[in-house]
Amino acid sequence: MLPIAHYLFLSLALFIIGVIGVVTRRNVIVVLMSIELILNAVNINLVAFSRLYGDVAGQVFALFIIADAAAEAAVALGIIIAFFRNRETVLADEMDLLKW
Amino acid sequence: MTPTGYFLDHLWLIPLFPLATAALMLLFGRRLPNTGVSLLCVGSVGLSFIYSVGAVSQLLAADPERRVAQQILFEWLTPGPMQMTAGNAIRFVADWGFLLDPLSCVMVLVVTGVGFLIHVYSVGYMGHEGGYYRFFGYMNLFMFAMLMLVLANNMLLMFVGWEGVGLCSYLLIGFYFLKKSASDAGKKAFIVNRIGDAGFILGILLVAVTLGTIRFTAVGLPDGAGYSGIRQVLEAARDSGTLGIIAPTMTAIALLLFVGAIGKSAQIPLYVWLPDAMEGPTPVSALIHAATMVTAGVYMVARMNAVYQLSPTAMTVVAIVGVVTAIFAASMALVQNDIKKVLAYSTISQLGYMFLALGVGAFAAGIFHLMTHAFFKALLFLGAGSVIHAMSGEQDLQKMGGLWNKIPTTARTFAVATLAIAGIPPLAGFFSKDEILGHAFEKSPLLWLVGFITAGMTAFYMFRLLFLAFFGYSRADEHVEKHIHESPPTMTVPLMVLAVLSVIGGWIGWPGSLGGNARFEKFLEPVLSGIGTQTAAEKAASHSLAMEYILMLVSVSIAGAGIWLAYQFYRAKRIAPELVAGRWPKVYQLLLQEYYVDEIYDAAIVERTKDLGTLLGSFDANVIDGVGVDGAGWLARFASTLSMWWDKWIIDGLLNFGAKMMQLFSYPVRLLQTGMFSSYAMLILVGLVVLLAYYGHHVQVLLRGVR
């Protein structure tokens, strides 16, 4: 059985990739995908600790997060499509409406 | 027996007929044909005349001392309890009521009779004029007002008629309102009359507060119903011996009322409107400014004789004003060249005679002269109208002449009227004028002398007028000359009727000294006997028969002298009038320019009134508007400017300062707000790292605990 540290490093790697993607990429679809990566990093963490402590609650949480991610993706893609129809763009640095 | 009958019960119909047609004319007259207008308007006055004759004859059926018919239609003004000068409060009432006694009998017959003839005449005279319906509407309205004036049973209702005739006079003088002089003359008449009316209404008020009633008499009203009248109140005062207390008030009342009479009856100093009133159509001059309206003042003074006889001062004033007006106006008539102007001054002069009669206590003589004067002066004016009609509108005596055979009816009736006014027996003017002069002589030979000279002047200027207009050679223009024609029968028939009246009108007052029995005076006796103590016997005793004959002879001879002089001047041409005028050019100019009275009034009153207006106007513009209104405006603006600066710089300034500070301090914060979520995510990350770095060991402790 692999020690817990392996899982945590994998999870950390995924999380960092996701964060870098969110912070640096311009295309919001990529950003969305990066968010999915972050969520999955969390999932790995939860599942790993669940296995370590023999507590099934972590796996249940992971399932909730997957469902939540799906819903979030649906809503986010809807917003992006609506936004694209209005502004003809999906680039994050052109989306400064929040300022107003 | 008390007078009764259909006509007496329907007195109110007499003024109603002309009122109805006047309303019809003024509302719908434009759509009526001239024939309809003539029939309605002349017919209504004719109907009034018939009703008047009926009422008078029913009144005459009663005993002489019971000849009063009074009828109250309704209570008109009931202003509640009125505080009297004596201190007690009484119930004051002004009725809408009619009074027919011998005095109003004379007036109502003169007004409706002469009025009817003049209406008939107007059909011919005004036939070619525009505004035919308007003319007759005003004339009928005048008849209504005049009948209200003479039939009213109290002073306030009389005042309604008084103002009504003034209004109609104004409307009819200004009938040709497109002519500036005509509308000016109308205004002048109206304004001058206002001065008199102010006195009249003050007199009425003084009567009301002093005597507690403005009804002329209570006779003819049901006994015991609490009706009072001026005469009855004065009689009660005499019986209780309090006449002396109210005597000064009576003088004040009499003088105030006389101011009204001066205005309406064109006496000095308010006579100036009457000569100008000749701008109106000639029938108007005949009806309003000779026969009826201008005699309203005489009627009013006679009506108030009970008050006047208590005040010798007022009587003296009336007599002096009358006689001075008589000679003053006659002197102006001597030289006038406008045919209507001569007649206007003659009217003023004759009205002066009437006031002389009233002033010396001969009320009956004054009313008698009023009646005869109505006949012959209406005839003179209508004759003059006929002459003007024939001469295509020419009024200048210098451009007439030789009309005697060209317009025979007019000329002969005019001559009758001229003889009547000159006082040649047995025409109407002789009796009335002689009676006045006789009474004046009894009172004061000086009054008589002035009246006597005036009689000579009257004869002179009237015959001058007659000779200039109808005799000699014609001085008219050629095309006017060709056009001369006698007037239509509608005009000549009234002339003939009036000529007959001018001859026989005086016979009802045939004096006792000439074998008559002075029926006129006896008829009026019940109304005009004062409430004093003098009895009829005493009055009769003061007459001296021989004196009366002498006076008559003298006055006829001075009339003859006047006529002779006029004949020498203008018919026989033995004396050239120009020569006499040239001898005293200043006197001649003074008379011709009517003593410059209009100019003096203009300078002394009209211009000063205008100056006062200008002064008040500039006071208004500079002080009220300038200092008051503009100053207040300036102050308000100044205050609001101050307030605006406070608002703008202090209140708003503080707000703006706060906002500016906020803006300034928010600058760095604003830099963080890029609106781009990636930078927000970056910030979240940085924050997370910072938090973790700070609280890292706590996390370690936490994790260790879990393990």
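These questions and answers cover the cores, one loop and the cis bonds of a predicted model.

Residues are numbered from 1 along each chain as its sequence is written, and chains are lettered from A in the order in which they are written. Local features need pLDDT of at least 70, side-chain atom pairs count only at pLDDT 80 or more, and totals for chains, interfaces and linings use all residues.

User: Which helix of chain B gives the most to the largest nonpolar core?
Analyst: A nonpolar core is a set of buried Ala, Val, Leu, Ile, Met, Phe, Trp, Tyr and Cys residues joined through C-beta atoms within 7 Å. The largest has 230 residues, and B:Phe142 is among those with the most contacts inside it. Helices are DSSP runs (H or I, at least four residues), numbered from the N terminus. With 18 residues, the top contributor is helix H16 (residues 363–390).

User: Is B:Glu594 buried or exposed?
Analyst: B:Glu594 sits in the loop between helix H26 (585–592) and helix H27 (597–665) of chain B. Buried means 20 or more other C-beta atoms within 10 Å of its own, exposed 12 or fewer, and partly exposed in between; C-beta atoms are placed from the backbone. B:Glu594 has 20 such neighbours, so it counts as buried.

User: What is the phi of B:Tyr595?
Analyst: B:Tyr595 lies in the loop between H26 and H27 of chain B. Most residues other than glycine have a negative phi. For B:Tyr595, phi is positive, near 60°.

User: What is omega for the cis peptide bond of B:Ile268 and B:Pro269?
Analyst: B:Pro269 is in the loop between helix H9 (243–264) and helix H10 (273–276) of chain B. The bond joining B:Ile268 to B:Pro269 is cis, with omega about 5°.

Technical notes: Helices (H or I, at least four residues) and strands (E, at least two) are DSSP runs, numbered from the N terminus.
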